[in-house]
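Colleague: I am new to reading models of this kind, and I would like a close look at the empty spaces. Please go through them slowly, and then say something about the elements of the fold.

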Amino acid sequence: MSPLVDTASPHLQVRAQWLALQREDVLEPELPIIDAHHHLWDRPGGRYLLDELLLDLGAGHRVTGTVFVQCRTMYRQHGPQALRPVGEVEFIEGIAAQSASGRHGPARACAAIVGFADLMLGEQVVPVLHALEAAGNGRLRGIRNTTAWHADAAIRSNPVPPPPGMLLEPGFQAATRRLPAHGLTLDVWAYHTQLDEVLALARACPATTIVLDHVGGPLGAGPYRGRQAEVFRHWRDAMRKLAALPNVRLKLGGLGMPVGGWDFHLREVPPASEVLAAAWRPWIETAIDLFGPPRCMFESNFPVDKGMFGYVAVWNAFKRLTAIMSPAERTCLFSGTAQETYRI
């Protein structure tokens, strides 16, 4: 069976039997973790809801809380188009309440919610933000739009690709400037080829906390295959400019997507944490050096990245990559920055 769900989806198939071929002990099981970025959905190609998330959270790492990030799940089917994404926050708030009951273990799933509001609405986004806040019941912490775009058809990580240049649109920026008044951050998923646009957005909205997802999206597929050294230089230079802006924070993870050129899913056995740490070291270490631990947070990006490796392995890899850091630095990376950014 192909690792891809189907030709309509860019996400890899999660293969439980394949993932079970790789087992390793959990490193430092006492280290508190807030998983700063994951999704929940029930789609024809796969299901990842509370039951599936709990299996990962219960694998041995000490995950104390998680941040749900929008993924077009459970939208309303009726009513004004701009308000249909409120259904996603309503659904996730219900799951968060389930988890907060304590009946499913100590971890607080979806303790913070990053929802969707169409920021291309500009100033007209405010009523949508109010509706999302009401649906979140105190858990809404941020907004994210689909913004990762590339002209090459081989570079695709969203089932519904966006138009180009959204981050530069005056309406998008006007709506982004509205977010701090509602206590909301903006998550941005962009490829390394778009980092100049992220820079322009962050400069135009200095009061808004911009959370850059997935280590700034270094590409390795399509026209970038085999050009890792060149991509790394471009990415590093762009990330250095972003790191100079105090309103930008960074998520470390999301390195299990085919657009990055990673091919762990093609192996007979899933990669162990040593393999992941070795592959990711240049990107993760450079990112932390540029932004500093107080502005960086680790993420699983599950179930998207689960097509390439398991939950134990990914967090073990992060622990290996930070083994020489101080306890205070590691607290920032594994829980503190996420806790402060999303007010968990």
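Modeller: Let us begin with the second largest pocket, where Arg 72, Tyr 75, Phe 116, Thr 146 and Val 160 lie nearest the centre, out of 16 residues that line this pocket. Pockets and cavities are found on a 1 Å grid over the protein atoms alone: a cavity is a set of points where a 1.4 Å probe fits but cannot get out, a pocket is an open set with protein on both sides within 12 Å along at least five of seven lines, and lining residues have an atom within 4 Å of a point. Please keep in mind that this is a predicted model, in which local features need pLDDT of at least 70 and side-chain atom pairs count only at pLDDT 80 or more, while totals for chains, interfaces and linings use all residues. Residues are numbered from 1 along each chain as its sequence is written, and side-chain values use heavy atoms, with hydrogens and water left out.

The volume of the second largest pocket is about 400 Å³ (grid points are joined across faces, edges and corners, and a volume is the space filled by probe spheres set on the points). Its lining consists of 11 nonpolar, three polar and two charged residues, where Ala, Val, Leu, Ile, Met, Phe, Trp, Tyr, Cys and Pro count as nonpolar, Asp, Glu, Lys and Arg as charged, and the others, Gly among them, as polar.

The largest pocket, for its part, has a volume of about 800 Å³. It is lined by 33 residues, of which Val 14, Ala 16, Leu 19, Asp 56 and Lys 306 are the closest to its centre. Two or more residues of this lining come from each of helix H1 (16-19), strand S2 (41-43), strand S3 (46-48), helix H2 (50-57) and helix H9 (311-321); helices (H or I, at least four residues) and strands (E, at least two) are DSSP runs, numbered from the N terminus. Sorted by class, the lining of the largest pocket holds 18 nonpolar, seven polar and eight charged residues.

Leu 19 leads us on to Gly 310, a residue of the loop between S10 and H9. If neighbours within four places in sequence are left aside, Gly 310 is in contact (heavy atoms within 4.5 Å) with Leu 19 and Phe 302. Gly 310 also lies 9.5 Å from Ser 300, C-alpha to C-alpha, with the two being 10 residues apart in sequence. Phe 302 is joined to Pro 303 by a cis peptide bond, with omega of about 0°, and Pro 303 is likewise placed in the loop between S10 and H9.

Turning to closed spaces, there are two cavities of 30 Å³ or more. The largest cavity is lined by 18 residues, and His 11, His 39, Arg 144, Ser 157 and Asn 158 are the closest to its centre. Its volume is about 180 Å³, and its lining is made up of seven nonpolar, eight polar and three charged residues. The second largest cavity, with a volume of about 60 Å³, has seven nonpolar, four polar and no charged residues in its lining. Among the residues lining this cavity are Trp 189, His 214, Gly 254 and Trp 262. His 214 sits in the loop between S8 and H7 and, although not a glycine, has a positive phi of about 55°.

Now for the sheet and a pair of helices. Eight strands form an open sheet with parallel pairing, in the order S1-S4-S5-S6-S7-S8-S9-S10. Strand S1 (32-38) and strand S10 (296-298) stand at its edges with a single partner strand each, so one side of each has no neighbour in the sheet. From one strand to the next, the twist averages 30°. Helix H6 packs on this sheet and touches strand S7 (185-188), strand S8 (210-212) and strand S9 (248-252), its direction making about 165° with that of S8. Helix H6 (residues 195-204) also packs with helix H7 (residues 228-243) at an angle of about 5°, the axes being 9 Å apart. Leu 195, Val 198 and Leu 199 of H6 make this contact with Trp 235, Ala 238, Met 239, Lys 241 and Leu 242 of H7, and by class the contact has seven nonpolar, no polar and one charged residues. Axes are lines fitted to C-alpha atoms, for helices over the stretch in contact, and angles run from 0 to 180 degrees between N-to-C directions; two strands pair if DSSP finds at least two bridges between them.
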